[in-house]
Amino acid sequence: MIQKLLYGFVEETKERNLDTMSKMDRKTFIVVTSICAAFVLVFSLAIVLVLFTSDKAPGKVADAVQEDIAGVWIASVTNIDFPSSTDMDADALQKEIDAIVENTQALGLNTIYFQVRPCADALYDSQLFPVSAYLSQSRELTLDALEYMIDTAREAGISVHAWINPLRVTGGGVSNKDTLPENHPAVLHPEWVVEYADGKLYFDCGVPQVRELIAAGVKEIVENYDVAGIVFDDYFYPYPKTVAGENGESSIAVFADAQTFSEYGEGYEDMGDWRRDNVNSLIRLVYDTVKEADKDCLFGVAPFGIWKNGYGGESGSETRGAQSYSDIYCDTLAWIQGGYIDYIAPQIYWRTVDSAAPYDILCDWWADQVKDTDVRLLVCHAAYRYETDWENPQGIMAEQVAYAREKDKYGGSLFYGYEELSENTNGIADEVKELFTKSPETDDTSDTGENEKTPA
């Protein structure tokens with residue numbers, strides 16, 4: 001419109017002047033007006049460009065949606081990846097983060113999933129959770145590790161998602177409840193906590209105040225740190241623990257939330273349905289909280305790779321393994337269908353040749369679940385299994401990523417096993433570099449084909 005009006009003015013002026021100016025050389029006048037017309041064209045295009053882009057500056061969501069995510073998990077629980085030990089000084093911590101970012105960049109990856117709350121604690125400045133003992137036994141914030149990770153990664157063109165374990169209070173196989181600081185939410189509200197047979201403490205997801213605490217902790221991160229996303233892993237209700245009974249027979253240990261069920265479970269005949277709805281409510285609340293704090297921040301979950309086993313007419317995948325739906329009360333399909341996650345990142349930590357849970361079967365199944373939704377599919381890959389689990393693993397990762405890339409809603413790949421990647425165990429780093437330092441169109445890899453270890 002601007003261009004049309006300006007051109008109309010120039011043409012009208014040119015015609016009027018050619019008829020009335022007898023002394024001016026007409027050729028000269030035509031040259032001058034042509035130059036003016038060219039200037040007007042350039043000027044109008046500049047205006048249009050400004051108008052078009054003024055409210056569409058690149059943001060975290062735009063980058064995340066337009067570019068496939070290539071990420072690595074950095075676990076802090078029990079000092080798996082960072083920090084390498086507790087009570088390190090700030091300089092040593094910074095050097096470790098520098099190395100993580102450098103290695104991530106060298107691998108061709110663009111996103112770090114940094115575990116900042118492994119056990120109801122914080123590797124950042126929090127008013128709600130104490131400093132993580134994995135960072136400092138004295139619970140002093142030696143370094144705001146999240147802030148430094150974000151700043152360092154940004155310089156390398158790498159995004160950071162804050163990885164949170166929402167319900168686990170203590171880790172490492174023992175409850176350690178006597179070592180929790182006085183200001184810990186589990187100490188202030190012991191009625192919110194259940195001790196399970198695995199020796200760990202867990203927040204009771206059936207308590208509304210627990211869900212509100214988790215959401216408040218997410219809000220604190222999103223409002224105070226420039227994270228590209230928030231991600232939960234697969235741990236919600238604890239994985240079932242088999243214990244020996246008095247008669248010597250084995251049984252699944254009970255998660256002691258019967259009192260909570262009696263208080264908040266009205267209308268539910270089945271405790272499993274109530275627990276699943278508790279988790280659904282938590283996911284929905286966190287999604288709403290993230291979007292209220294920053295609409296551009298992503299929220300996703302990396303669940304266990306099997307929702308339900310689908311043999312025998314069931315609606316799940318054709319697999320035979322643990323099931324997140326019934327074992328840890330995670331109805332991941334409800335989150336997808338409800339639209340309260342931005343992405344789902346199932347941990348498909350098996351090979352195609354693993355008959356109980358074939359990689360290709362699960363990849364296909366998850367791709368089908370996100371069809372006709374706004375939820376993107378990210379695939380979590382088991383880089384850690386290049387260490388000892390898989391015999392002659394060379395080439396498996398390249399095949400798996402190539403297979404996943406064929407899916408319509410594929411949005412990226414995430415790798416768990418930073419140590420194996422940094423040490424190039426059995427060539428895993430070479431494979432990842434080859435995958436992500438050239439475009440998928442030039443990838444000539446072929447399509448071939450016990451999930452005991454999950455993101456911590």
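**Exercise 1. The barrel**

In what order do the eight strands close into a barrel, and is the pairing parallel or antiparallel?

*Solution.* This is a predicted model, in which local features need pLDDT of at least 70, side-chain atom pairs count only at pLDDT 80 or more, and totals for chains, interfaces and linings use all residues. Residues are numbered from 1 along each chain as its sequence is written, and side-chain values use heavy atoms, with hydrogens and water left out.

Step 1. Take the inventory: the protein chain has 15 helices and 12 strands. Helices (H or I, at least four residues) and strands (E, at least two) are DSSP runs, numbered from the N terminus.

Step 2. Trace the pairing. Two strands pair if DSSP finds at least two bridges between them. The order is β1-β2-β3-β6-β9-β10-β11-β12, and the pairing is parallel.

Step 3. Check where β1 meets β12. Strand β1 (residues 69-74) and strand β12 (residues 410-416) run parallel and are joined by four bridges. Here V72 stands opposite F415 of β12.

Step 4. Move to the next pair. Six bridges link strand β2 (residues 111-117) to β3 in the parallel sense. I112 has V160 in β3 as its bridge partner.

**Exercise 2. Burial**

Determine how much of the chain, of strand β3 and of helix α13 is buried.

*Solution.* Step 1. Fix the cut-offs: buried means under 20% relative accessible area, exposed over 50%, partly exposed in between (1.4 Å probe, protein chains only).

Step 2. Start with the whole chain. Of its 456 residues, 52% are buried.

Step 3. Turn to strand β3 (residues 159-164). Five of its six residues are buried.

Step 4. Compare helix α13 (residues 396-405). It is largely enclosed by the rest of the structure, because 10 of its 10 residues are buried. Among them are the charged-letter entries E399 and R405.

Step 5. Find what covers α13. Its buried residues pack against α12 (359-369), β11 (376-382), β12 and α15 (428-436).

**Exercise 3. The nonpolar core**

Identify the residues with the most contacts inside the largest nonpolar core.

*Solution.* Step 1. Define the set: buried Ala, Val, Leu, Ile, Met, Phe, Trp, Tyr and Cys residues joined through side-chain atoms within 4.5 Å.

Step 2. Read off the result. The largest such core has 130 residues, and F114, F203, I230, F232 and W335 have the most contacts inside it. Helix α7 (residues 208-224) gives the most to this core, with seven residues.

Step 3. Inspect F203. Contact means heavy atoms within 4.5 Å. Beyond four places in sequence, the residues that F203 touches include P166, W192, L213 and F255.

**Exercise 4. A buried loop residue**

Place A253 and list its contacts.

*Solution.* Step 1. A253 lies in the loop between β8 (250-252) and α8 (258-264).

Step 2. A253 has a relative accessible area of 13%, so it is buried.

Step 3. Leaving aside neighbours within four places in sequence, A253 contacts Y196, A197, K241 and V243. Y196 is 57 residues away along the chain, yet the two C-alpha atoms are separated by 7.8 Å.

**Exercise 5. Confidence**

Find the stretches where pLDDT is under 50.

*Solution.* Step 1. pLDDT is the predictor's confidence in each residue, from 0 to 100. The chain averages 85, and 80% of the residues score at least 70.

Step 2. Residues 1-33 stay under 50, with 20 contacts in the model beyond four places in sequence. Residues 440-452 are also below 50, with 28 contacts beyond near neighbours in sequence.

Step 3. Where pLDDT is low, predicted coordinates should not be read in detail.
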